[in-house]
Each structure stands twice: as structure tokens, then as C-alpha cells.
Amino acid sequence: NKRAENLQDLKQFDKSVEMYSKGLEFAQNMLKADPNSFLAKRDVAITSKKLAQALDDAGKSKESLEMLN
């Protein structure tokens with residue numbers, strides 16, 4: 001999600017977390033619709049990692065670690 005990346009670059013971490021959360025929800029819905037989709041699995045993995053980083057940058061380390069487990 002390029003918009004979330006830009007917000008993160010601008011140090012608007014809470015907004016970035018919000019955007020990544022919406023992106024993750026979308027990716028998870030795509031995966032539910034097609035559980036065998038490699039692209040949907042990849043999107044969930046990448047978005048989860050980026051959301052975890054945004055949470056960490058926002059000072060929410062506990063939530064960040066929970067995303068990665």
C-alpha cells in the first residue's frame with residue numbers, strides 16, 4: 001500500500017497503521033475467497049510485515065510482535 005508507505009515516511013505512524021490495517025483486512029478477505037491463491041497468501045504476508053513495522057514505528061512494540069506471531 002503505497003499511501004501507507006508515504007504516511008510512514010512522513011512519520012504519520014498512526015495513519016499508516018490505519019491504512020495497513022485496512023489493506024490487511026482486504027488481503028485476508030481475498031484469501032478467504034480463494035484459499036489456494038498464492039498472490040492472496042503473499043499479500044497477507046507482506047501486508048502483515050509492513051503493518052508490524054508501522055506499529056513498531058508508532059511505539060506499539062507489543063502489538064507489532066503479536067502481528068509477527
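The paragraphs below walk through this predicted model, from its overall layout to its helix contacts and two individual residues.

Let's start with the whole chain. The protein chain holds four helices and zero strands, and reading along the sequence gives the pattern α-α-α-α. Its C-alpha trace spans about 35 × 25 × 15 Å along the principal axes. How does the radius of gyration of the protein chain agree with that of a compact globule? For 69 residues, such a globule would have a value near 11 Å, and the chain has 12 Å, so the two agree. Of the 69 residues, 28% count as buried. Among contacts between residues at least 6 apart in sequence, 41% join residues at least 24 apart.

Next come the helix pairs. Two packed helices are described by the angle between their axes and the distance between the axes. For α1 and α2, the angle is about 165 degrees and the axes lie 8 Å apart. The angle is over 145 degrees, so α1 counts as roughly antiparallel to α2. Their crossing is left-handed. On the α1 side, Arg3, Ala4, Glu5, Leu7 and Gln8 take part, and they meet Phe13, Lys15, Ser16, Met19 and Tyr20 of α2. By type, the residues of this contact divide into five nonpolar, two polar and three charged.

Between α1 (2–9) and α2 there is a loop, and Lys11 has its place there. What is the phi of Lys11? It is positive, at about 65 degrees, although Lys11 is not a glycine. As background, most residues other than glycine have a negative phi. Lys11 has a relative accessible area of 62%, so it counts as exposed.

Moving on along the chain, helix α2 (residues 13–33) packs with helix α3 (residues 38–57) at an angle of about 160 degrees, their axes 9 Å apart. That angle makes α2 roughly antiparallel to α3. The crossing of α2 and α3 is left-handed. From α2, the residues in this contact include Phe13, Val17, Tyr20, Leu24, Ala27 and Leu31, while those from α3 include Ala40, Val44, Leu51, Ala54 and Leu55. Polar and charged residues take part too: the contact of α2 with α3 divides into twelve nonpolar, six polar and four charged. Two of the α2 residues named here, Phe13 and Tyr20, also belong to the contact of α1 with α2.

The last pair is α3 with helix α4 (residues 61–68), at an angle of about 165 degrees and with axes 7 Å apart. Here again the angle makes the pair roughly antiparallel, and α3 passes α4 in a left-handed crossing. Ser48, Leu51, Ala52, Leu55 and Asp56 of α3 make the contact with Ser61, Glu63, Ser64, Met67 and Leu68 of α4. Its residues divide into five nonpolar, three polar and two charged.

One residue of this last contact is worth a stop: Ala52, in helix α3. Is Ala52 buried or exposed? Its relative accessibility is 3%, and since buried means under 20%, Ala52 counts as buried. Leaving aside neighbours within four places in sequence, Ala52 is in contact with Ser64, Met67 and Leu68, and these three residues are among those that α4 brings to its contact with α3. Ala52 and Ser21 are 31 residues apart in sequence, and their C-alpha atoms are 9.8 Å apart in space.

Notes. Residues are numbered from 1 along each chain as its sequence is written. This is a predicted model: local features need pLDDT of at least 70, side-chain atom pairs count only at pLDDT 80 or more; totals for chains, interfaces and linings use all residues. Side-chain values use heavy atoms; hydrogens and water are left out. Axes are lines fitted to C-alpha atoms, for helices over the stretch in contact, and angles run from 0 to 180 degrees between N-to-C directions. Angles under 35 degrees count as roughly parallel, over 145 as roughly antiparallel, 65 to 115 as roughly perpendicular and the rest as oblique. A crossing is left-handed if the near helix is turned anticlockwise from the far one by less than a right angle, and right-handed if clockwise. Contact means heavy atoms within 4.5 Å. Ala, Val, Leu, Ile, Met, Phe, Trp, Tyr, Cys and Pro count as nonpolar, Asp, Glu, Lys and Arg as charged, and the others, Gly among them, as polar. The radius of gyration is taken over C-alpha atoms; the globule rule is 2.2 Å times the number of residues to the power 0.38. Buried means under 20% relative accessible area, exposed over 50%, partly exposed in between (1.4 Å probe, protein chains only).
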